[in-house]
Amino acid sequence: MFHLREPRASELTALSDLCMRSKAVWGYDDAFMQACRAELTLTQEDMSASRLQVGEADDVIVGVAQVSAAGDVAYLEKLFVEPDRLRSGAGRALFAWAVRTAKDMGADRLAIEADPGAAAFYRRMGARDDGVAPSASIPGRSLPRLVLDLTNAV
Ligand SMILES: CC(C)(COP(=O)(O)OP(=O)(O)OC[C@H]1O[C@@H](n2cnc3c(N)ncnc32)[C@H](O)[C@@H]1OP(=O)(O)O)[C@@H](O)C(=O)NCCC(=O)NCCS
């Protein structure tokens with residue numbers, strides 16, 4: 001049985017490790033992954049400054065999502081699924097939660113700075129391309145930026 005819930009503070013380290021395992025599915029080398037570690041680490045502050053959700057299947061956490069908002073714009077800060085659970089619907093369920101949460105926070109659009117490997121997933125979820133954004137972890141790297149119009153999203 002799959003369900004969504006808020007994470008506990010005691011789970012933050014395990015969730016950060018999940019983000020690292022998930023990011024690594026795109027075949028990045030160790031140096032790249034270490035450069036991403038800070039950005040992929042979930043902290044106590046994230047629990048108060050943003051909204052977090054985990055997907056759990058049979059009592060095992062299979063994915064995590066994080067949303068923050070500033071005015072009209074919400075940001076999908078993280079969406080990571082366990083490598084052995086890809087294409088099982090966890091990403092769609094967590095993305096749907098992110099959409100609901102962004103609307104609850106009063107945003108009218110959800111902005112995503114995507115890993116290049118995940119951009120097609122976001123397009124499948126209805127987001128449209130919106131240029132590129134500089135990577136926060138890797139100097140000189142650009143990431144696809146996408147946006148979902150929440151005024152039309154169901
Ligand atoms: C992107 C990610 C979250 C998608 O999660 P997922 O659980 O595998 O996706 P789902 O099983 O819910 O797929 C939903 C739909 O998107 C499609 N899809 C999933 N990943 C896709 C991809 N990489 N490219 C194209 N389509 C994709 C599925 O086929 C499915 O299509 P359907 O509507 O025909 O059924 C997951 O691949 C992931 O965690 N990747 C590694 C980490 C990462 O890059 N995260 C994003 C950071 S910006």
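This report walks through the ligand site, the surface, the cysteines and the salt bridges of one structure. The model is a predicted one.

**Around the ligand**

The ligand has 23 residues around it. Trp-26, Leu-79, Arg-87, Gly-91 and Arg-92 come nearest. Three contacts to oxygen atoms of the ligand can be described in turn. In the side chain of Trp-26, an N or O atom is 2.7 Å from a ligand oxygen. Val-81 takes part through its backbone: one of its N or O atoms lies 2.9 Å from an oxygen atom of the ligand. The side chain of Ser-22 has an N or O atom 3.2 Å from a ligand oxygen. On its own, the ligand has 910 Å² of accessible area, and the protein covers 82% of that.

Two of the nearest residues sit in loops. Trp-26 is in the loop between α1 (12-23) and α2 (30-36). Arg-87 is in the loop between β4 (73-81) and α4 (90-104).

**Trp-26 and the surface**

Is Trp-26 buried or partly exposed? Its relative accessibility is 42%, so Trp-26 counts as partly exposed. Trp-26 also belongs to a nonpolar surface patch, together with Val-25 and Leu-86. The patch is about 260 Å².

**Two positive phi angles**

Arg-87 has a phi near 60°, a positive value in a residue other than glycine. Arg-87 is exposed, because its relative accessible area is 88%. Asp-59 also has a positive phi, near 65°, and is likewise not a glycine. Asp-59 lies in the loop between β2 (51-57) and β3 (60-70). With 68% relative accessibility, Asp-59 counts as exposed.

**The cysteines**

How many disulfides does the structure hold? The number is 0. A disulfide is a covalent bond between the sulfur atoms of two cysteines. Why is Cys-19 without such a bond? The closest cysteine sulfur, in Cys-36, is 11 Å from the sulfur of Cys-19, and that is too far for a bond. Cys-36 is in no disulfide either, as its nearest cysteine sulfur is that of Cys-19. Cys-19 is buried, with a relative accessible area of 0%. Cys-36 counts as buried too, at 5% relative accessibility.

**Salt bridges**

A search of the whole structure finds 9 salt bridges. Three pairs are listed here, with the distance between N and O atoms.

| Acidic residue | Basic residue | N to O distance |
|---|---|---|
| Asp-108 | Arg-109 | 3.1 Å |
| Asp-129 | Arg-123 | 2.8 Å |
| Asp-130 | Arg-145 | 3.7 Å |

The Asp-130 pair with Arg-145 links distant parts of the chain. Asp-130 is in strand β6 (residues 128-134), and Arg-145 is in strand β7 (residues 142-149). The two residues are 15 residues apart. Asp-130 counts as partly exposed at 31% relative accessibility. Arg-145 is partly exposed, with a relative accessible area of 30%.

The other two pairs have partly exposed members as well. Asp-108 has 30% relative accessibility and counts as partly exposed. Its partner Arg-109 is partly exposed at 35%. Asp-129 is partly exposed, with 41% relative accessible area. Arg-123 counts as partly exposed at 41% relative accessibility.

Salt bridges also form a network. Which residues are linked in this network? They are Arg-5, Arg-8, Glu-11 and Glu-56.

Terms used: Residues numbered from 1 in each chain as written. Predicted model: local features only at pLDDT ≥ 70, side-chain atom pairs only at ≥ 80, totals over all residues. Heavy atoms only, no water. Helix = DSSP H or I, 4+ residues; strand = E, 2+ residues; numbered from the N terminus. Buried < 20%, exposed > 50% of the residue type's maximum accessible area, 1.4 Å probe, protein only. Patch = residues over 30% accessible without salt bridge, like charges linked within 9 Å, V, L, I, M, F, W, Y side chains within 5 Å. Areas by Shrake-Rupley, 256 points an atom, 1.4 Å probe, with all protein chains shown as cover. Salt bridge = Lys/Arg side-chain N within 4 Å of Asp/Glu carboxyl O. Near = heavy atom within 4 Å. Polar contact = N/O pair within 3.5 Å; in protein donor to acceptor, adjacent residues only side chain to side chain. Disulfide = S-S within 2.5 Å.
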